[in-house]
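Visitor: I am new to this structure and would like a close look at one part of it. Please choose a part and describe it step by step.

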Amino acid sequence: MSLDVCKLQSIPERKKKKHLAVVFVEEKLMEFKSKNLLSKIATNDGHGENSPYFDGWKAYDSNPFHPTQNPHGVIQMGLAENKLCVDLIQKWIRENPDASICTAQGVDKFNEVAIFQDYHGLKEFRQAVAKFMGRVGGNKVTFDPNRIVMSGGATGANETVMFCLADRGDAFLVPSPYYAGFARDLRWRTGLEIVPVDCKSSDNFRITTAALEDAYEKARTWKVNVKGVVISNPSNPLGTILDRDTMRSIVGFVNEKNIHLVCDEIYAATAFRSPRFISIAEIIQDMDNCNPDLIHIVYSLSKDMGIPGFRVGIVYSFNDNVMHCARKMSSFGLVSSQTQYLLASMLSDDEFVVNFLRESSKRLAKRHHVFTKGLEQIGISCLKSNAGLFLWMDMRPLLKEQSLQGELELWHVIINEVKLNVSPGSSFRCSEPGWFRVCFANMNDETVEVALDRIRAFVLGRENQEPNKSKHRRKKCLRLSFSSSRLYDETIMSPHIISPHSSLVPTKT
């Protein structure tokens, strides 16, 4: 027993409580002083890390599933990572050792590649990426290599565009549900705001002009300057592709308001069945009276090729001024010249690229089919989708109550009892409780079966708790009953956005 513990036990109960209170206050004071030494931007909650989206990752990190070493651990289904075609890239690297400066075959290029490179990037890299973007879009558009601007992944690319287009306090309209990381990418360090554009399940979460107008007018009521619209196509978390008419209506909207349109197309090559992916670049080249200076694309190889660790992000703008500003800012997040050199060679191999895109689409379609059919067998439906690395799973029938609290209660059970890290819709600013994003491409076939078995056991176990109800009725009206557990406070759970709770909204008296 330590001396401090002995001393504490010898103190009378009243003095002991006082002593503990003093210690607590001193610790909090030290914490405050320590935090006060840092900047506001470093210590604020704008990163959005205090949410179920990131808490699910933490639950996995503390107890990761392994088929033999930890079979009862948490299965990671909250990470949109594409591991289905890693073997194809590995095969190409083995067959092309001279593409790397870290091999005996390629080391002669070491000094040429490893020395200082300016922020324009290797010419061969920009040409290869531009060609790849065109191929992913069905060769309907030719992308200009001179407009390819590098960034450290899509995260850095999105932030770079925001820095170029808007000032602190300005806002962007973002159709919801939207990627949980947008709270970090778009606004944490830029000081910008997000105005959600609520899309409804009754319309398959389609982006409508009416919804855009409503969000725009709300922002004006709040005296907020709207600088543009940010969309993701294919959608994260929905896994859907925007059709031509919807995209044309969005372009028409931004042209009418004279605001920007930023299109996040980082899942472009994950479309695995029709309708095909259509780039915004294809849309605007066929439109009359469209101002191309308002259109900007964010792209990355992280999802399409399954290489997020390479940190390859791209800004492509039709606005010359934005392009030049973004290129100067890219100094803070360049892609390493070694990575550029390797990928320039890989993406220039037409036979490899064609085979990779075809096989990736085939494998994604198969995995999507396996997972959706497995869920259908136990009465769980998903939004119809044809792209992405995830499903938008409808768990509304399983909610104890149709509310945010009901959604978080269900999420808490899935994380802690079913041991699956799936992400609740509220993390993606979905206005309807009960939707969950489930990632299916970051695991092998065996882990998929384990995950489906866990979901099946969970749902059927709940059904068996209601033996007097018909099977049809049980599937329609599944309810959870479990002991109360800690819930997340909505203000902590959600990244900061403009809402009735925002300081930017006038207080009603």
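Guide: What follows is a walk through the open sheet of seven strands, from its outline to its loops.

First, some ground rules. The model is predicted, so to speak a computed one: local features are taken only where pLDDT is at least 70, side-chain atom pairs count only at pLDDT 80 or more, and totals for chains, interfaces and linings use all residues. Residues are numbered from 1 along each chain as its sequence is written, and side-chain values use heavy atoms, with hydrogens and water left out.

The setting comes next. The protein has 509 residues, and 52% of them are buried. Here buried stands for a relative accessible area under 20%, exposed for one over 50%, and partly exposed for what lies in between, with a 1.4 Å probe and protein chains only. The secondary structure comes to 19 helices and 13 strands. Both are DSSP runs numbered from the N terminus, a helix being H or I with at least four residues and a strand E with at least two. Among the contacts (heavy atoms within 4.5 Å) with a separation of 6 or more, 74% are between residues 24 or more positions apart.

Now the sheet itself. Reading across it, the strands come in the order β2-β8-β7-β6-β5-β3-β4, and their pairing is mixed. Two strands count as paired if DSSP finds at least two bridges between them. Strands of a sheet pair through backbone hydrogen bonds, either parallel or antiparallel. The edges are β2 and β4 (193-198); each has a single partner strand, so one side of each is left without a neighbour in the sheet. From one strand to the next, the twist averages 25 degrees.

Start at the β4 edge. Strand β3 (residues 171-176) runs parallel to β4, and six bridges join the two. One position to find is Val174, whose bridge partner in β4 is Pro196. Helix α11 (residues 244-257) packs on the sheet, where it touches β3, β5 (226-232) and β6 (260-264). The direction of α11 makes about 145 degrees with that of β6; axes are lines fitted to C-alpha atoms, for helices over the stretch in contact, and angles between N-to-C directions run from 0 to 180 degrees.

Move to the β2 edge. Strand β2 (residues 148-152) is antiparallel to β8, with five bridges between them. In this pair Gly152 stands opposite Val312 of β8. Strand β7 (residues 295-300) also pairs with β8 in the antiparallel sense, over five bridges. Ile297 has Tyr316 as its bridge partner in β8.

Strand β8 (residues 312-317) deserves a pause. It is mostly covered, with six of its six residues buried. In a regular strand the side chains alternate between the two faces of the sheet. In β8, Val312, Ile314 and Tyr316 point one way, while Gly313, Val315 and Ser317 point the other way. Both sets are buried.

The loops that follow or precede some of these strands hold a few backbone features. Most residues other than glycine have a negative phi, and most peptide bonds are trans. The bond between Ser176 and Pro177 is cis, with omega about 5 degrees. Pro177 belongs to the loop between β3 and α9 (182-187). A cis peptide bond also runs from Ser274 to Pro275, with omega near 5 degrees. Pro275 is part of the loop between β6 and α12 (280-285).

Another feature is found between α12 and β7, in the loop that contains Asn289. Asn289 is not a glycine, yet its phi is positive, at about 55 degrees. With a relative accessibility of 78%, Asn289 counts as exposed, whereas the residues of β8 are buried.

To retrace the route: the edges are β2 and β4, α11 touches β3, β5 and β6, and β8 pairs with β2 and with β7.
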